[in-house]
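Trainee: I would like to practise reading a protein model. Can we go through this one together?

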Amino acid sequence: MTRAVYPGSFDPVTNGHMDIIDRASKIFDELIIGVLLNQSKKPMFSVDERVNLLEHLTENYPNVTVKKFDGLLVDFAHKEDARVIVRGLRAVTDFEYELQMAQTNKVIADDLETVFLTTNLKYSYLSSSIVKEIASYDGDIRQFVDPQTEAEIRSKLNDNGGK
Ligand code: PNS
């Protein structure tokens, strides 16, 4: 039985993330989505809101669970008894950062393996930041996120006067 973690900020979850979740859920017996509670970033969505959105989107995936985590990813993976870290690779621009992270994690936790899934070409440009930026200028984000996420982004922007 192989349990994997798919960590990220997911602020907010995009169709690109969902593509990775869908594919990783078919490769590993169990997939735990780890939502980072990052004190140094000011996210649009609280960690609990991000967890709720992901839980809603993965309710039809019996082998996927969603948990928040704080601190080191390798500690979270150990606590969850996972042996694999899944990351999506969009383009060569992601590679340097992802390689550094994977190699660092390997040095501090030799028992964990990072597995990269290359992002589906149709999402290779997509990021949470781009989605938030387009939405902040009232652009159409319906092809990037699911309807509930879109509604929640709109509601956040209305609460914050558009930004
Ligand atoms: O979606 P993101 O923001 O690209 O995800 C980055 C994430 C959460 C995977 C990374 O920031 C992380 O693992 N943070 C936890 C702290 C940690 O373990 N840092 C050392 C990694 S080398």
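Mentor: Start with a term: contact means heavy atoms within 4.5 Å. This is a predicted model, where local features need pLDDT of at least 70, side-chain atom pairs count only at pLDDT 80 or more, and totals for chains, interfaces and linings use all residues. Residues are numbered from 1 along each chain as its sequence is written, and side-chain values use heavy atoms, without hydrogens and water.

Trainee: Which residues is Ile33 in contact with, leaving aside its neighbours within four places in sequence?

Mentor: Set aside the neighbours within four places in sequence. Apply the contact limit to the rest. For Ile33 that leaves Tyr6, Phe10, Ile21, Leu54, Thr58, Val64, Thr65, Val66 and Lys67.

Trainee: Which element gives the largest share of the largest nonpolar core?

Mentor: A nonpolar core is a set of buried (under 20% relative accessible area) Ala, Val, Leu, Ile, Met, Phe, Trp, Tyr and Cys residues joined through side-chain atoms within 4.5 Å. The largest has 33 residues, and Ile33 is among those with the most contacts inside it. Helices (H or I, at least four residues) and strands (E, at least two) are DSSP runs, numbered from the N terminus. Five residues, the largest share of this core, come from α2.

Trainee: Is Pro43 buried or partly exposed?

Mentor: Pro43 lies in the loop between β2 (30-36) and α2 (47-57). Partly exposed runs from 20% to 50% relative accessible area, with a 1.4 Å probe and protein chains only. Pro43 has 30%, so Pro43 is partly exposed.
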